[in-house]
Amino acid sequence: QLQLVESGGGLVQPGGSLRLSCAASGSRFNAMAWFRQAPGMERERVACVNSDGRYTDYVDSVKGRFTISKDITKDMLYLQMDSLKPEDTGVYYCAARRSTWCAAKSSDFHFWGQGTQVTVSS
């Protein structure tokens, strides 16, 4: 069974950086994504990468600031977050899909980590 465990969240000031990691044992053939959810908000797909790591997609608000990557040999997923803004605050979830290709909605993803808190505040 696919196990997803996020780490790397924390408190940073606006303009700072964080790198989130997801240990994703068994994800060799899964497209994977990072979602985030702020209080009172819908869960939002931040970034997605296909199973081989060669296609990526981002929500407009993070383009140019966030980078998703997948280390196939180590079954690891990463999200490098730079130039963080207060609106990036939320619980970030690692997710995987029963497909090699990215999809848009949270309902298209079938395996979820428990989340890691990212707070961007001065």
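**Rings, sulfurs and cores: a short tour**

Let me start with Tyr 93. It has 13% relative accessibility, so Tyr 93 counts as buried. The model is predicted, so please keep that in mind throughout.

Now the rings. How many aromatic pairs does the structure hold? Three. Take Phe 35 and Trp 112. Their centres are 4.9 Å apart, the planes make 55 degrees, and the pair is tilted. This pair links distant parts of the chain. Phe 35 is in strand β4, residues 32-37. Trp 112 is in strand β10, residues 111-112. The two are 77 residues apart.

Buried or exposed: which is Phe 35? Buried, because its relative accessibility is 1%. Trp 112 is partly exposed, with a relative accessible area of 28%. The cut-off for buried is under 20%, and exposed means over 50%.

Back to Tyr 93. Its ring also pairs with Trp 112. The centres are 6.3 Å apart. Why is this pair called edge-to-face? Because the planes stand at 80 degrees. Again, distant parts of the chain are linked: Tyr 93 comes from strand β9, Trp 112 from strand β10, 19 residues apart.

Put the ring pairs together and you get a cluster. Its members are Phe 35, Tyr 93, Phe 109 and Trp 112.

There is a charge here too. Which ring has the charged end of Arg 43 over it, 4.0 Å from the centre? The ring of Tyr 93. Arg 43 also lies over the face of Trp 112, at 4.9 Å from the ring centre. Recall that Tyr 93 and Trp 112 are themselves an edge-to-face pair. For anyone checking the geometry, the charge is placed at CZ of Arg, and it must be within 6 Å of the ring centre.

Next, the sulfurs. The count comes to two disulfides. One joins Cys 22 to Cys 94, S to S 2.1 Å. Its torsion about the S-S bond is -75 degrees, and the link is left-handed. Where do its ends sit? Cys 22 is in strand β3, residues 18-25, and Cys 94 is in strand β9. That is 72 residues apart, another link between distant parts of the chain. Both Cys 22 and Cys 94 are buried.

Then there is Cys 48 with Cys 102, at S to S 2.2 Å. Here the torsion about the S-S bond is about -110 degrees, so this disulfide is left-handed. Cys 48 is in strand β5, residues 44-49. Cys 102 is in the loop between β9 and β10. The pair links distant parts of the chain, 54 residues apart. Cys 48 counts as buried, because its relative accessibility is 0%. Counting bonded cysteines along the chain, the pattern is 1-3, 2-4.

On to the nonpolar cores. The largest has 25 residues. Which residues have the most contacts inside it? Met 32, Trp 34, Leu 79, Met 81 and Tyr 92. Several strands contribute. β3, β4, β5, β7, β8, β9 and β11 each supply at least two residues, with β11 spanning 116-120. The largest share comes from β3, with four residues.

Let me zoom in on Met 81. Leave out residues up to four places away in sequence. Met 81 then touches Gly 16, Ser 17, Leu 18, Leu 20, Arg 65, Phe 66, Tyr 92 and Val 118. Apart from the largest core lies another, of seven residues. Among them are Cys 48, Cys 102, Ala 103 and Phe 109. Two of those names should be familiar: Cys 48 and Cys 102 form a disulfide. Phe 109 belongs to the ring cluster.

Last, the backbone. Most residues other than glycine have a negative phi. What is the phi of Asp 75? It is positive, about 55 degrees, although Asp 75 is not a glycine. This residue is found in the loop between β7 (66-71) and β8 (76-81). Its relative accessible area is 22%, so Asp 75 is partly exposed.

Ser 83 is not a glycine either, and has a positive phi of about 50 degrees. Ser 83 is in the loop between β8 and β9, with β9 covering 90-96. At 40% relative accessibility, Ser 83 counts as partly exposed.

That's the tour. Thanks.

Conventions
Residues numbered from 1 in each chain as written. Predicted model: local features only at pLDDT ≥ 70, side-chain atom pairs only at ≥ 80, totals over all residues. Heavy atoms only, no water. Buried < 20%, exposed > 50% of the residue type's maximum accessible area, 1.4 Å probe, protein only. Phe/Tyr/Trp six-rings, centres within 6.5 Å; stacked < 30°, edge-to-face > 60°. Lys NZ or Arg CZ within 6 Å of the ring centre and 35° of its normal. Disulfide = S-S within 2.5 Å. Core = buried A, V, L, I, M, F, W, Y, C linked by side-chain atoms within 4.5 Å. Contact = heavy atoms within 4.5 Å.
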